[in-house]
Amino acid sequence: MPQNDGVRFTSSSLKIPLNPPKPSPFNFPFGSQIAKTRNSLAQLVDSVKTRSKFKQFDFSRFWNRLAESTQSRDRRSSLLCSATLSLTRSAESAQSEDKQYERLLFVPKSALLCSASLALNRAADESSSSSQKGLNPSRSDEERVLISEVLVRNKDGEELERKDLEMEALQALKASRDNSALTVREVQEDVHRIIYSGYFQSCIPVAMDTRDGIRLVFQVEPNQEFQGLVCDGANVLPAKFLEDAFRDGYGKVINLRRLDEAITSINKWYAERGFFALVSDVEILSGGILRLQVSEAEVNNISIRFLDRKTGEPTTGKTKPETILRQLTTKKGQVYSILQAKRDVDTVLTMGIMEDVSIIPQPAGDTGKVDMVMNVVERPNGGFSAGGGISSGITSGPLSGLIGSFAYSHRNVLGRSQKLNISLERGQIDSIFRINYTDPWIEGDDKRTSRTIMVQNSRTPGTLVHGDQPAGSSLTIGRVTAGIEFSQPIRPKWSGTSGLFFQHAGVYDEKGDPVIKDHFSSPLTASGKIHDNMLLAKFESVYTGSGDHGSSMFAVSMEQGLPVLSEWLSFNRVNARARKGVEIGPTRLLLSLSGGHVVGNFPPHEAFAIGGTNSVRGYEEGDVGSGRSYAVGCGEISFPMLGPVEGVCFADYGTDLGSGPTVLGDPAGARLKPGSGYGYGFGIRVDSPLGPLRLEYAFNDKHAKRFHFGVGHRN
């Protein structure tokens with residue numbers, strides 16, 4: 001059958017304007033709108049638009065038949081119509097978009113402007129004649145023509161080899177049906193639907209006059225079958241993720257909509273991990289090979305900028321830049337990640353020498369990379385301070401455990417974040433004088449190892465183990481300790497500590513004179529002399545969850561006495577603590593368990609004391625027992641009450657596991673301590689700058705009642 005020769009199909013384009021990028025939380029000059037602009041179906045079209053051919057044909061005979069049937073219409077103008085996907089931009093918008101994209105680092109300068117649309121135009125000569133006749137050019141859009149048959153064929157007018165593709169095209173049609181009256185606009189919309197199905201790279205409607213009426217043929221060109229994938233520039237994207245994203249499409253005709261979904265999933269993977277990266281270009285190569293171009297913004301340079309605390313203007317800092325830079329996990333050459341940058345900000349803040357830290361990533365010229373600028377505001381380096389607190393070892397007397405403190409600290413010695421602390425704490429009986437010097441990261445070490453040198457002279461009450469002295473007398477434990485300790489992160493949430501300490505310890509009466517036996521004639525030192533000397537090797541490993549008190553925690557420590565000299569003590573002490581918090585609606589259940597054991601020759605005052613505010617509530621400090629072994633369990637349910645106030649119900653249980661008599665001199669047995677006991681009660685807690693203030697009222701299994709007051713979380 002002859003085709004109409006006078007109607008031409010031409011392409012038109014629809015420009016999609018670019019939205020200006022929104023400012024990111026890190027003040028980066030490009031934002032999330034990039035993905036919306038680049039991740040559309042239009043990215044795929046650049047490779048196929050040049051292969052789309054649009055035939056010229058005429059609907060003149062079609063319109064002649066329409067004129068003959070109506071007897072009242074003049075001959076209509078030629079119909080110009082096509083369906084294609086095109087990439088265009090105007091000169092003015094191109095200039096403004098180029099300026100915008102120059103700031104986008106990893107996005108090519110060409111802006112994607114795309115559409116799948118149809119245009120309805122008329123030839124110039126016919127336009128003028130139509131105007132003279134007073135015809136409305138838009139009326140042809142509304143003229144309906146009876147279509148007897150609708151078919152889908154390939155670009156040569158022959159049947160498609162794959163019937164499934166023919167069915168996809170037919171199912172996409174909405175208005176075009178056999179024996180239907182159609183307008184040009186409805187045909188245009190159906191062409192658009194076929195293109196939007198994603199299986200075809202071109203679609204041309206062809207009208208053919210048959211003896212049965214007008215036959216409408218949609219000539220389509222399917223996409224190629226997917227046979228392979230090439231991905232350039234994806235350095236951090238896992239290969240398995242790419243394989244999984246495209247696995248289901250192998251050997252099938254490429255569907256541009258499914259491909260767009262796969263690209264969206266890739267960009268989502270980057271976004272969820274905070275990476276500044278996305279799929280910037282897609283191309284369908286011959287042989288059904290897909291080529292993805294991924295743009296990842298690498299870190300070009302990292303610099304530190306010090307700001308004045310008052311004016312916010314750049315200034316000279318006291319901290320050495322390399323001290324800050326080595327704390328950062330973001331390094332040159334890595335793909336920039338917002339989440340990683342946030343962790344770096346938190347890490348620098350935990351150094352304790354910065355008042356404020358922020359990161360501003362900036363484009364590194366036209367390199368497609370990022371220059372990372374870290375703005376820091378330093379805190380005052382240090383000074384003198386005074387304060388107070390409560391000692392849990394004193395439960396009676398007019399001052400009842402109150403202690404005062406005075407300290408000098410320097411947070412940033414030599415500009416290397418090294419810390420010097422000199423402190424003195426003094427109470428009714430307690431006194432502690434301590435000098436600490438800490439290097440949080442030993443220079444030249446790549447394991448983030450810290451070093452602490454410590455010297456301490458302390459006097460602590462001996463009532464935990466050796467209480468109930470006659471006539472109100474009391475004993476104090478004097479210790480002089482010096483040592484060095486090293487700590488480093490083992491893996492995420494795990495840290496390890498090892499150290500070596502020398503301790504010179506003895507027991508003193510209220511006059512300050514050394515004693516070797518208490519009122520019950522129990523020995524107070526392991527060596528039988530007025531002082532015990534010991535060299536302790538310490539090892540500890542700690543796991544912490546989120547860092548919140550209600551999160552999971554596990555810690556295990558070991559101390560080994562090294563008898564370098566014959567009179568030095570030799571013993572091994574192991575201690576473990578575990579905690580687990582569970583949210584149950586507005587309430588929180590907190591379970592904790594601790595236990596330990598000592599083997600060898602050790603001073604009685606080093607025995608595990610059970611009972612008190614941080615052990616079994618309802619008992620005074622150490623009144624449950626003291627032994628070589630112990631186990632203490634606690635359960636708490638806390639619930640919000642009003643603002644910073646929360647209520648708590650608790651139950652505690654502790655036991656020395658029958659090890660009390662094995663301690664030298666059996667101090668617990670001499671004082672008739674039960675060796676095990678439980679307590680329960682309720683209380684309130686109030687958040688404060690000093691930590692939680694705890695006021696609790698407890699009952700024990702001996703029907704005794706007592707208040708407990710503490711500052712901070714339980715050990």
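**Strands, helices and a nonpolar core in a predicted model**

Of the 10 residues of β6, 8 are buried, so this strand is largely enclosed by the rest of the structure. The model described here is predicted, and the protein it represents contains 13 helices and 31 strands. Across the 715 residues of the protein, buried residues make up 47%. When contacts between residues at least 6 apart in sequence are considered, 63% of them join residues that are at least 24 apart.

The surroundings of β6 can be described through its sheet. β6 belongs to an open sheet of 4 strands, in which the order is β4-β3-β6-β5 and the pairing is mixed. The edges of this sheet are taken by β4 (180-182) and β5, and because each of these two has a single partner strand, one side of each is left without a neighbour in the sheet. From one strand to the next, the twist averages 45°.

Within this sheet, β6 is paired with β3 in the parallel sense, over 7 bridges, and with β5 in the antiparallel sense, through 10 bridges. The connection between β5 and β6 is a hairpin that passes through 2 residues. Residue I214 of β6 illustrates both pairings, since I147 stands opposite I214, and D209 likewise stands opposite I214.

Two helices pack against these strands. Helix α6 packs on the sheet, where it touches β3, β5 and β6, and the direction of α6 makes about 145° with that of β3. Helix α7, in turn, lies across β4, β5 and β6, and runs at about 145° to β5.

The same part of the model contributes to the largest nonpolar core, which has 23 residues, and the members that touch the most other members are I147, I194, F200, C203, F218 and V220. Two or more residues of this core are given by each of the elements β3 (145-154), α6 (163-172), α7 (184-196), β5 (200-210) and β6 (213-222). In soluble globular proteins, nonpolar side chains tend to be buried together. I147, one of the residues with the most contacts to other core members, is also the residue that stands opposite I214 in the sheet.

A further pair of helices is formed by α8, covering residues 239-246, and α9, covering residues 256-272, whose axes come within 10 Å and cross at roughly 155°. Angles over 145 degrees count as roughly antiparallel, and α8 and α9 are therefore roughly antiparallel to each other. The crossing of these two helices, α8 and α9, is right-handed. On the side of α8, the residues that take part in the meeting are F241, L242, A245 and F246, while on the side of α9 they are L259, A262, S265, I266 and W269.

Later in the sequence, successive hairpins involve the strands β14, β15 and β16. Strand β14 (residues 402-413) and strand β15 (residues 418-427) run antiparallel and are joined by 9 bridges, with A407 standing opposite S423 in β15. These two strands, β14 and β15, form a hairpin with 4 residues between them, and L414 in the turn has a positive phi of about 60°. Strand β15 is also joined to strand β16 (residues 431-439), again running antiparallel, by 8 bridges, and in this pairing L420 stands opposite Y437 in β16. The hairpin of β15 and β16 has 3 residues between the strands.

A final example concerns a single residue, S541, which lies in strand β21 (residues 531-544). The relative accessibility of S541 is 18%, and because buried means under 20%, S541 counts as buried. Leaving aside residues up to four places away in sequence, S541 touches I490, W494, S495, G496, F554, A555 and V556. For F554, one of these contacts, the separation from S541 is 13 residues in sequence and 8.3 Å in space, taken from C-alpha to C-alpha.

Conventions. Residues are numbered from 1 along each chain as its sequence is written. This is a predicted model: local features need pLDDT of at least 70, side-chain atom pairs count only at pLDDT 80 or more; totals for chains, interfaces and linings use all residues. Side-chain values use heavy atoms; hydrogens and water are left out. A nonpolar core is a set of buried Ala, Val, Leu, Ile, Met, Phe, Trp, Tyr and Cys residues joined through side-chain atoms within 4.5 Å. Buried means under 20% relative accessible area, exposed over 50%, partly exposed in between (1.4 Å probe, protein chains only). Two strands pair if DSSP finds at least two bridges between them. Axes are lines fitted to C-alpha atoms, for helices over the stretch in contact, and angles run from 0 to 180 degrees between N-to-C directions. Contact means heavy atoms within 4.5 Å. Angles under 35 degrees count as roughly parallel, over 145 as roughly antiparallel, 65 to 115 as roughly perpendicular and the rest as oblique. A crossing is left-handed if the near helix is turned anticlockwise from the far one by less than a right angle, and right-handed if clockwise.
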